[in-house]
Amino acid sequence: MISQPDVLQPNRGAFADLKRGLTVADLKANVLSQTVELPIQNGATKTRGQTHSKPDDVPELQTVLLLYQPKTRYALTPKHPVPELRHDNEVLIKIEYIGLNPIDWKAPDFGWGIPTLPYISGRDFSGTIVRSSSPLRPIGAQVLAVSTDYRDARKSAFQHYAVSATHTICPLPNSSAPDPSHASLGVAFTAAALALGVCLGVDFSSSSSAAGGFDFLHLLRSRTPPAAIPHDVRAECLNGIREAERARRGDWIAIWGGGSTTALMLTQLAKAAGLRVALVGDAKKHGGRVVQRGRVGGALAVPDVMVDCWDEARAVDVLRGVAGGQLRFAVDTVGKETAGKLAQALSAAAAAAADHGTGGSQEQERVHLVGLSGVPKNVRNGVVVHAVPIKVFHEVRDVGLRTMEWLARLLSEGRLVTPEVEVVEGGLRSVNGALDRMRKNEVPGKRLVVRL
């Protein structure tokens, strides 16, 4: 139900100037301008000349969480249409678990990633396929879904039924009971795979430890027409890193943000490809958890070196020392300030490469920094800053499909350590409270997963 207290309760985030003058009538008025797809007769929906069957147990209406205005809380809203399939490569999923991400509270607080209002948020979820025309994604299959296509609210997680493209879902291992941690994996795994495979050029096809992995750059540069790559990420995919600069077995990589799920995925994928990992994080908070991961999940979940971030200047010196001044690759998962610290750690190798390049005609071998949550404005020459081209996951079908097939194989063979999660009961009604805990950093090192 929409209620005045629910909508206007403080976010407890970065903004104190919440829009308290809004009324419920104002918020509902926004819904009337929203275009929805209405069902036609006989339990089917027709779009662009196509008809999709609809099982009798799928309702036409559902309850969702809607963001009506920035700087307000999500509002529980009933009688919202269940999204309809528009293409043959789409399935409808009954959501069982929602994995919460930082963007879920940063979107209302800062206005990030909101293409239209009212808006349904949520990027990670798992559940059961209840409508499908794909033999590879049959009705009844348990899957996790990755909603990187945030402009299409049909695919968002804060609802009971959501649409996914068949190449953005991962079949889950057969099990008597769903694993809640699977709902927290999708975005982190995808971001880690693209950061390493596209931005840093890691070839996962050459390692048996990265079972099912592939060469992202070969797929994008040799087997995908350039016009099929979204124009705003085309340069990153085709020219971001030179062939001679690609990260290879034995190279060091620094990862800042040791408590995040993305850092856990980065560590495992990097080590599976033969890289040596220096993980920067709060050793007091996360050191024990890192050791425990090694005991239960194997060596791939444990970095070669863990560097305490308590003294950031010293952490930079340690990174330089560990790699012998030859650190050429780094990924930051925290923000632009810590990304700047990694740029400092990379500068020694950049300076050495610049000195080497001036002595002859040999092209300078640059160093590479990926910023997942912001990048520094000024870096020295020779440090290339990358943004993860997340859009290729949902817009280039082969990239999404092969990434999800890879994830499915890692999970089925037990090769991937999943994050520690805390299951939040109470369904959609509990999401605002869970996000408040994330705002206040009350769940470091864990992921909150809401059970519907």
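These exercises work through a predicted model of one protein, in which local features need pLDDT of at least 70, side-chain atom pairs count only at pLDDT 80 or more, and totals for chains, interfaces and linings use all residues. Residues are numbered from 1 along each chain as its sequence is written, and side-chain values use heavy atoms, with hydrogens and water left out.

**Exercise 1. Confidence**

Task: State the mean pLDDT of the protein, and find where pLDDT is below 50.

Solution. Step 1: pLDDT is the predictor's confidence in each residue, from 0 to 100. Its mean over the protein is 86, and 84% of the residues reach 70 or more. Step 2: Residues 1–6 have a pLDDT below 50, and this stretch has 15 contacts (heavy atoms within 4.5 Å) beyond near neighbours in sequence. Step 3: Residues 28–55 also stay under 50, with 48 contacts beyond four places in sequence. Step 4: Where pLDDT is low, predicted coordinates should not be read in detail.

**Exercise 2. The nonpolar core**

Task: Determine which helix gives the most residues to the largest nonpolar core.

Solution. Step 1: A nonpolar core is a set of buried Ala, Val, Leu, Ile, Met, Phe, Trp, Tyr and Cys residues joined through side-chain atoms within 4.5 Å. Buried means under 20% relative accessible area, exposed over 50%, and partly exposed in between (1.4 Å probe, protein chains only). Step 2: The largest core has 59 residues, and among those touching the most other members are F189, F216 and W406. Step 3: The helix is α4 (residues 186–199), which gives nine residues; helices (H or I, at least four residues) and strands (E, at least two) are DSSP runs, numbered from the N terminus. Step 4: Leaving aside residues up to four places away in sequence, F189 touches M265, L269, T403, W406, L407, L410 and L416.

**Exercise 3. The two faces of α6**

Task: Explain why the buried residues of α6 lie on the same side.

Solution. Step 1: In α6 (residues 231–239), the buried residues include V233, E236 and C237. Step 2: They share a side of α6 because they cover an arc of only 95° around the axis, taken from the directions from the helix axis to the C-beta atoms. Step 3: The face turned away from the buried side carries the exposed H231 and N239. Step 4: The buried residues of α6 pack against α4, α5 (216–222), β15 (383–386) and α11 (391–395).

**Exercise 4. The open sheet**

Task: Give the strand order of the six-stranded open sheet and name its edge strands.

Solution. Step 1: Two strands pair if DSSP finds at least two bridges between them. Step 2: The order is β12-β11-β10-β13-β14-β15, with parallel pairing. Step 3: β12 (305–308) and β15 are the edge strands, each pairing on one side only. Step 4: Inside the order, four bridges join β10 (residues 252–256) to β13 (residues 329–332).
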